[in-house]
Structures are given as structure tokens and as C-alpha cells.
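Welcome to a short tour of this fold. Please keep the sequence and the coordinates open beside the text as we go from cysteines to strands, helices and cores.

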Amino acid sequence: MLLLFSLLLQQQFTNAGAMFRRWGYSWDSDFHDIDLFSDRYDTETTTLSQAIRAAATEEPDADGSVLFGSIKGTVVGLRYYTGVVNRGEMVGLVREPQNPYDRNAVKVVNVFGQQVGHIKKELAAAMARIMDNNQAKVEGVVFSGTNNSFSMPVALSFWGQEEVKENVTKTLAQHGFKLETGVRGASGSGGGYQETYSRGIPKKGVTVLLTDEELKNAFDNLFEGLMESKDGEKEAADVVSTPLLPHQKQALSWMCARENKSGLPPFWEKRGDLYYNSLTCFSSKDVPERVRGGILADDMGLGKTLTTIALILTNFHQGKPLPVEKTEKSSPTKPLVKTSTKAPQIQPEVSSTDDVVLVGASVPSNIPQMEVVCAEDAPEVVVIEDEANKKSRKGKKKAPKRKNSKGSVALMDSLDFAAALTGSTSNTGQKKMKSDTNTSGDSNIPQCPEDPSATATLIVCPLSVLSNWLEQFEQHVSVNVKLNMYLYYGAERNRSQKFLSSQDVVITTYNVLSTDFGNKSPLHKINWLRVVLDEGHFIRNPNTQMSKAALELKASRRWILSGTPIQNSVKDLWTLLAFLRLKPFDVKEWWNRVIQRPVLRGDRTGLQNLQTLVKYITLRRTKTSEVNGRPLVVLPEKTVFVEQVELSPEERAEYDLAKSEGQNTIRRYVAEGSVLKNYADILVILMRLRQHCCHPDLPTKTSSEPGSGATAAELRERLIDKLRLVLASGSDEECSVCLDSVRFPVITHCAHVYCRPCIAKVISTEDQRARCPLCRSEIRPNELVEVPAEEEEAGTNTKQWRTSSKVQALMGNLLRLRLEDQSIKCLIVSQFTRFLTVLETPLRAEGFSFVRLDGSMTQKKRAQVIQEFQSDASDSPSIMLLSLKAGGVGLNLTAGSHVFLMDPAWNPATEEQCIDRCHRLGQKKNVVVTKFIVKDSVEEKMVEIQKKKQELVSKAFGATNSSQKSSRIDDIKTLMEMAI
DNA sequence: ACCGCCGGGTGCC
DNA sequence: ACCGCCGGGTGCC
């Protein structure tokens, strides 16, 4: 518990100050939590909750464990089971407490979960004790074959926490088994047993450990250079009205090939009649089911959405284009307004013209041949086609109803195994039915036929990019084409399975998906032709409902779109592979054994294997990638200026006062040695100073002089303060349950912020005591604290507005720009939403028309604001006030060409990301970025430290844990200008 | 299973 | 014959 706590703090710390993280890629060397940046544009985890979530989902059994040792055991009863193993094959050990003959039974299964036999009872007795007490995980390798059909030897290795090693060794000894400790102890993919029992195992090379630096570099490059496939280019179907760029044609070609072409997945080879996996040594008579789909991991701005749309339209069954109805002469002006089944009242905020009903501004009004229906309870936009057309097309594309046997069988296999591994049910009764799939005749790799009744594509995306998808479909599909699209969203969504599966495209959000999941979700009943997970890293944590819901979707083709497939560690990849059903790694156990643990331990072979896997399924190009010596995309130039700002004497006085107060507090913490423990408070101090740099009225006066022994009322007050601070900081804190911006924010006694409905759900679903999803401390429903209602929008209005040096600096720039070129649009970015509010006053005074985008806005509002800003109408706003983290990635703000970063972010990557929202595909003008930095202030120090750390990154990685810690303290001292 | 083990049959060679 | 030895039955947990 204590360990976890300090872990969280460290992680928190590391994140809030990204500069720390860069340089210490491994914040605790024991955990080897490698910071994986897929490239330099990639983001580090940037919000506190992300960081905490990363730490909280730490899987102790996979990383923290050490190898206790290995023993030789015997697998018996082979003749009763059909599961086969090859020499060197990994096997799973599954407890079978319900076995009628022996409560201690441990069964042995192969990679596909087929039972091979049992562990001999004497050893099983010992193992049962260890396994049931969760003291160790046992892994088996059949290191040599057998010369009879009754039993065979198996190498068993025991893994677990160092603390219980002694215990496990003793238990085994009591049963007469001696744990052999490998020569090298806990290292390498095979661990000790490979050392001990290596004779007879196919030579895969001795485990070579990588240095930390090599490992780091390897991860940096994991997703690089994946455009080697010479698939050439493919033209999109002619109904795609936007011409694809060369790299998009390549991507389309690759995606079509991945969906259509047969071929063995990596590590599988054909050996005679059998298919053999060289990693697990498993072999099977059946062709391993290949993955139809993969990860499109192009940088943002390269057109993943467009490419995916092209894929949907271009590659239907048998490589033919999606059959769509074309109208010769479209009359785009008069689509019908159609009401959904329940006679919806049209919401007042919906703009309604004669012809069309629109929700927000996210769907342009000229959608030809589509009806736009506003369901009750917007923000949803419902796009459906009219009845007559639907019918006409129905008749055309007849879909024979044939059951997809192959796919479902394979799925069941993996589920079976998953169940078997958890030991929940043990059905030894039924014999394995013989698999008769006769595929071995052909010399070619046989191809599993696709379910011809599966015709619809499901797109799952975060709410924030939903409107973008709709717009892109709108924009890139010919006007005379009718596409059946349905936005599965909102309370009135049509849950008819028949209706949904008859669409060409269904779009929904992760939230809807997970809400529906387990609630007789129609989405999960449909056999989709294709499922696309946009921003697929949303499912990187396999424990979330969202991820579970995504994994359960049935589809013959599966795609993940993500600019950042790895955010923190290899662990992020598992859910992705599991979603893609990349066997056998869709079963966590095998993933852990074959990939994750070896890689986290720095095993070169493990890393190579991972690279092979990733390469097999991924296409990634960055903005700097080149095709045939030419850059993928030629973007206009980008220039970054830093503008120093000097504080006025009054501002300086206020700033210095806050600084010396903060210094005193920190000095106390340093003296107590409790700097890290009070890190949250220190962040608050730093934040105040940063706010002072922007505007003297930003820092909120809080009542607290933090003391440890607080009364309940004081505690409550402090929590409210903290919550207020989090919300006011403009950091767009996300709720770790729904992973969206927090709505109806509440803070727990352990100081974590959630949406009230989300955490309420957690509490109600937990049987016994509910625990905080982030830190696992106990939470009670009546202890959730929220900001008192009357306070919500107080503060800034009370006082007379005043200016600040930074405001002046900005206004000077804006006025000058307006004189130079009327058409220039600007993004004004701050981390503090209150600062954005402050800025509104002078903007209005000077007659600028502006819009604002921050985390507190509903999706509908955001879409509307973005479209207004992007519009080239002469009366469109020329300025967008943007909260640094609002909206996340994927926003397209190319109308803007000048970016003003009002305050430095801890994480330069966040700034970079923000700039990229306008410096991306579609930007026509040169981009000019101005960063305001207050002279002689914490802002300068932040920049300084960022630079220093970045230099360190490029030099060495050898920092020890303790030196990291002391450096953090040094950093704080630097930031606070305190003598060391 | 070309084993080990069990238990019944058997008992100089 | 309260043994040894032989050979058949048998065999995961």
C-alpha cells in the first residue's frame, strides 16, 4: 500500500512536470516502465489522471515478479486429451479445483487452450497450494518431446513477488521438490529454465539483454519505418470525391491488402500438413486465422479518416467497391425532414431552415439525399436515408444468410481458453471434437471465407471527433451517392439490430459502446463487416468497460486508427492486439510470456519479436516521412518566436509576495523531507506563480494553510479548493472512468476527480467496499465532494477588469496583425481558462470577433465553434480562444495561422500538439507561433529546465532512482529560485 | 506402458 | 508360502 502510494506520487510528479519524465525514462527502474514515445511528436502522458491511471493499472504479476526457479515435472494422462504440444512449446497450467478425483488437480493446456494432460498429483499438490494462495505464477515449457503417449516431462518455472520466494521454495521442498535457480536468475525470456533445460530446445539464441538506452531507442523506433511494404498505390473508388494524396493511396492499398490477401501471420510457417508457430512452438492442423485489419498509426493530419472512408467505399466483399446507389442528377436542396419514430420535438437550439434540420453546425446543410433527423435529447445528429431508397438498394445487394462458421469457432476457442485460464469452469467431461477442417490439400494458404451477410462498418470514436467523421464523410463522398449512415448516439438512438446491420456505416462513441455493453447491446449482436476504432489508444487499458466492450465486438475485419498507439509502455499494445485477434497474443497469458515480460526485462529477442508483430499489422508514417525521396506532405513553414514580457512594478510586487510565501512552504517541506509527499501542494504553489505571470487576478485565494490534522469541515474545504483548482486550471481534467472531460465533477476523499455519475456507477457495481479506481482507497458515496453550486461562476466578475503585461503584449500583436492582414486568423492558447475569460474583455473592446473552445463545452458547442472558426465567410471569427487541452487530438483548426501560446506548458509536446492543430494538412499559410514568457519568473525557469532535461535525454539514461528524486527537488528549487 | 504397480496364482527343476 | 517369482490386468487427475 505504501509502495503504491509513493508510486502514484512519483508518477504524478513525473507527469505534471514532463521534463522530468523525458529524462528519466524509467521512473522506477524496478518497474521498467519504459516511456515509449512512438516519435517525437508523440505525447507523453500529460494529465494527472492519465498518469495516475497508468500507475493504477500496473499489473504486478506481469512486471514486478521475479523468477523463483524451475523444476522438472511430469504431464500425465496425455492419452485422454487431444491437445498436442511440440518440443519446446509453451503450455499453460490451470488449476482445476473442482476435479472429482483430486482437488489439487492442475491441468496442462496448449496455446490454443486445448487440454494436454495433468500435472502428476504429487507435484500438483504442491503447486495447488502455491497457486491457490496466489504466491506464484507457474509457466510450463515442454522442453523435450516424449517417447510415449502417456506422459511427458515439463519444465515449470515459478514467478512471483520476491517477498514470497522463500515461502514458495519451502512449500515445494515440503513436497519433496527442489527449486532449481537458473544460472542467471530472473532474466531473459525463458528465464532460468531455458538455461537449465536448454538442451533440446530449438536454438533461438541465448538471451541477450539490451541496455536501457538501446531499449528506449528500440521503442522509439518501434513504430518507425513501417512503410516498407511495396503494396504500391491504389485508387479509391470513384465515389470518393476527394483525390487521395500518394501516401493515402499507399495506405489504401495496404489496407485493402490486409483485408483481402491471405497469408500466414508472423511466426507461423507451414510444416508439412501442419501450421507451426515458431514463438510458442504450437502447431495446428488449421490455418491460423489471419488478422484482417491492423493499426493505421499515421501521424495526425495525414488523413487517416479520409483513407478509412476510402477503404469503406472501395473494398467491400471480394475486393469490389461498396455498392452504392448513385443518382444521376441530384437535387441537393430538398432533402426531407424526417422524424424518428417517437415524434421528437425539435430542440430550440437546433437551427431550422425551410429545408433541413440541423443540429449544431456539425452537419452542413447541403447533405444530398440524406435526411437529417434530430432525435430528442440532442447533441446527436441522425442521418438516415429515406425509406424508398433503402428498399431499392436492399433488393440489389442480396446478402445470402450463411452462418460464418470459421470466424465464430475461432473466437470461441480463444474465449474458451480465457475462461480456462481463469479456472472458472473446468469441463473435463467432453472430449475435444476432432477438427475436420481439411485445408491441407492446397498448396496455397487457404482463405477463410468471409461472412457474406456482414456488410456494415462500425466506427467507434471519441465524442470529440464524432462531428469530424460526419463532416469528412460529407466532404469526401460524391454528392450524388447515397450512403446509408447512422449515428448511433443519443437517448433516442435506434437500437434495432436489423436496422443497424442494414446500414453501410454506423458511427458511435466509446461511451455509447460501453454503456450499451452488457445492456443487451445491439452493437454486440451484429456481425460487422468491419469495425474501426478511431483513436484506438482509448482502449489501451484492458480493464475498462470500454475496452471490454470493444473486444467483444464481432467483425470480420478490424481496424485501429491511432496517432499514438503506444503511450507509455508495451502494455498499451495488448488490448490493441487482442482487439485485432492476433493469435495467440489475444490471450493475455501468452502475450505476457512471449512478449511483454521479455521486453520489459530488456530481452533482445523479445523486442525483435514484438517488432515483427507490430510491423506485421501496422502502417505508420510521420509528417517527416518520405516517399520516393519526397516528403509525404509539404506543409507551409512554421516559425516560432519567443516574446519576453516584463511585469509591471505592481505585478512584480504581487508576484514576489506569492513567491516568497511559496518558498517558505517548500523550505518547510524540504526540511521535513516531505517534498514528494506534498507534491500536490507544491504544484499548487507553482501554479499560482504561473497564474501571476499571466494576470494578477488569476490566482484564486484559497482558505487553506495546509495542515495535517484537519477537521472534517476543513478537509472538505480543502478538497473543494483542490477540485476548484483542478477545474479552474483549464487542464481539462479527464474522468478516469469515462475518459472524457469531467462532467458534474466530484472529488473523492483521496483527492481524485471523477464525473459524479461515473463514480456513482463504480460504487454501485462494486459488491463490497467500493474503491477509488485510481488509488484503490476506500470511497463512500457520502464522502464525494463537489463545488458548492453558488460558486460556479463567481470571481472574475466581482472585480473591476484590469489589464496585465501579458495581455498588453498579446493585444499589441493582434492589433498589428489586423493592420497587416485582415484575413489572418489566430489561435490564442492558455492553460488557464480563467485567463481566456480575462482576455475576452479587451478583445471585445477592440472589436475582434472571436470564439472560444474549452473543456467545459459540450460536444455540440465545440463542433459549432470549430466550424464557425474554420469558415471563410467574411464575418467569421478571426480569433479562437483555446484552452490548451480542450478537445484533445484531432482538432482541425487550419483556418488559423498564427498561434499565441500565452503560458508555457510543463510538457512541450502538449504545446507542439496544439500548434499542430493548425500546422497540418490543409494549412495554406505560413504558421507563426508566438510564445509569451515572463522575464525573471517561474516561466523562464520552466523553459530552462525543459531544455536542460532535453539535453540530458539525448546524452544518457543512466539516472538512478535516487538521483532522479534529488533532481526533482533540485528542479523545484530552481523553479522557486531557492538556493540549493 | 518395451514401464511400475497391484494382486492373484503358484511353489524344485 | 507370514516368502519370492511369474504373468495378467491395468494405467491421469
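A disulfide is a pair of cysteine sulfur atoms within 2.5 Å. With that cut-off in hand, a search of the whole structure, which is a predicted model, turns up zero disulfides.

## Two cysteines to look at

Why does cysteine 694 form no bond with its closest cysteine sulfur? That sulfur belongs to cysteine 693 and lies 6.6 Å from the one in cysteine 694, which is too far for a bond. Cysteine 914 is likewise in no disulfide, as the nearest cysteine sulfur, in cysteine 918, is 8.0 Å away. As for their surroundings, cysteine 694 counts as buried at 1% relative accessibility, and cysteine 914 is buried with a relative accessible area of 0%.

## The chain as a whole

Stepping back, chain A contains 29 helices and 30 strands. Of its 980 residues, 57% count as buried. The area that chain A exposes is about 40,800 Å², and carbon and sulfur atoms supply 52% of it. Among the contacts in chain A with a separation of 6 or more, 74% are between residues 24 or more positions apart.

## Strand pairings

Strands of a sheet pair through backbone hydrogen bonds, either parallel or antiparallel. Here are some of the pairings you can pick out in the model.

| Strand | Partner | Sense | Bridges |
|---|---|---|---|
| Strand 14 (residues 457-461) | Strand 17 | parallel | five bridges |
| Strand 16 (residues 485-487) | Strand 17 | parallel | three bridges |
| Strand 8 (residues 274-277) | Strand 9 | antiparallel | two bridges |
| Strand 1 | Strand 6 (residues 151-160) | antiparallel | 10 bridges |
| Strand 1 | Strand 4 (residues 115-119) | antiparallel | two bridges |

Let us take strand 17 to begin with. Five of the five residues of this strand (residues 505-509) are buried, so strand 17 is largely enclosed by the rest of the structure. In a regular strand the side chains alternate between the two faces of the sheet. Here Val505, Ile507 and Thr509 point one way, while Val506 and Thr508 point the other way, and all are buried. To find the register with strand 14, look at leucine 458, whose bridge partner in strand 17 is valine 506. For strand 16, the pair to look for is methionine 485, which stands opposite valine 505 in strand 17.

Strand 1 (residues 66-76) is mostly covered, with eight of its 11 residues buried. Its register with strand 6 can be read from lysine 72, whose bridge partner is alanine 155. Against strand 4, valine 75 of the chain stands opposite isoleucine 119.

What is the order of the strands in the open sheet of three? The order is 7-8-9, and the pairing is antiparallel. Strand 7 (268-271) and strand 9 (283-284) are the edge strands, each pairing on one side only. Between strands 8 and 9, tyrosine 275 has serine 284 as its bridge partner in strand 9.

## A buried helix

Is helix 17 largely enclosed or left open by the rest of the structure? Helix 17 is largely enclosed, because 10 of its 10 residues are buried. Those buried residues are Lys571, Asp572, Leu573, Trp574, Thr575, Leu576, Leu577, Ala578, Phe579 and Leu580. So the list includes lysine 571 and aspartate 572 as well as leucines. Just after helix 17 comes arginine 581, whose phi is positive, near 60 degrees.

## The nonpolar cores

The largest nonpolar core has 101 residues. Those with the most contacts inside this core are Trp469, Phe473, Ile507, Trp528, Leu533 and Trp591. Helix 17 (residues 571-580) provides the largest share of the core, seven residues. At least three residues of this core come from each of domain 1 (65-196) and domain 2 (246-327 + 409-424 + 452-626).

Ile507 brings the core and strand 17 together: this isoleucine is among the residues with the most contacts inside the core, and its position is in the buried strand 17. Which residues does isoleucine 507 contact, leaving aside its neighbours within four places in sequence? They are Ile459, Cys461, Leu466, Trp469, Leu470, Phe473, Met485, Tyr486, Leu487 and Tyr488. Apart from the largest core lies another core, of 47 residues, including Ile666, Val675, Leu814 and Phe850.

Note on methods. Residues numbered from 1 in each chain as written. Chains lettered and ligands numbered in written order. Predicted model: local features only at pLDDT ≥ 70, side-chain atom pairs only at ≥ 80, totals over all residues. Heavy atoms only, no water. Core = buried A, V, L, I, M, F, W, Y, C linked by side-chain atoms within 4.5 Å. Buried < 20%, exposed > 50% of the residue type's maximum accessible area, 1.4 Å probe, protein only. Helix = DSSP H or I, 4+ residues; strand = E, 2+ residues; numbered from the N terminus. Domains from an automatic or database assignment. Contact = heavy atoms within 4.5 Å. Areas by Shrake-Rupley, 256 points an atom, 1.4 Å probe, with all protein chains shown as cover. Pairing = 2+ DSSP bridges.
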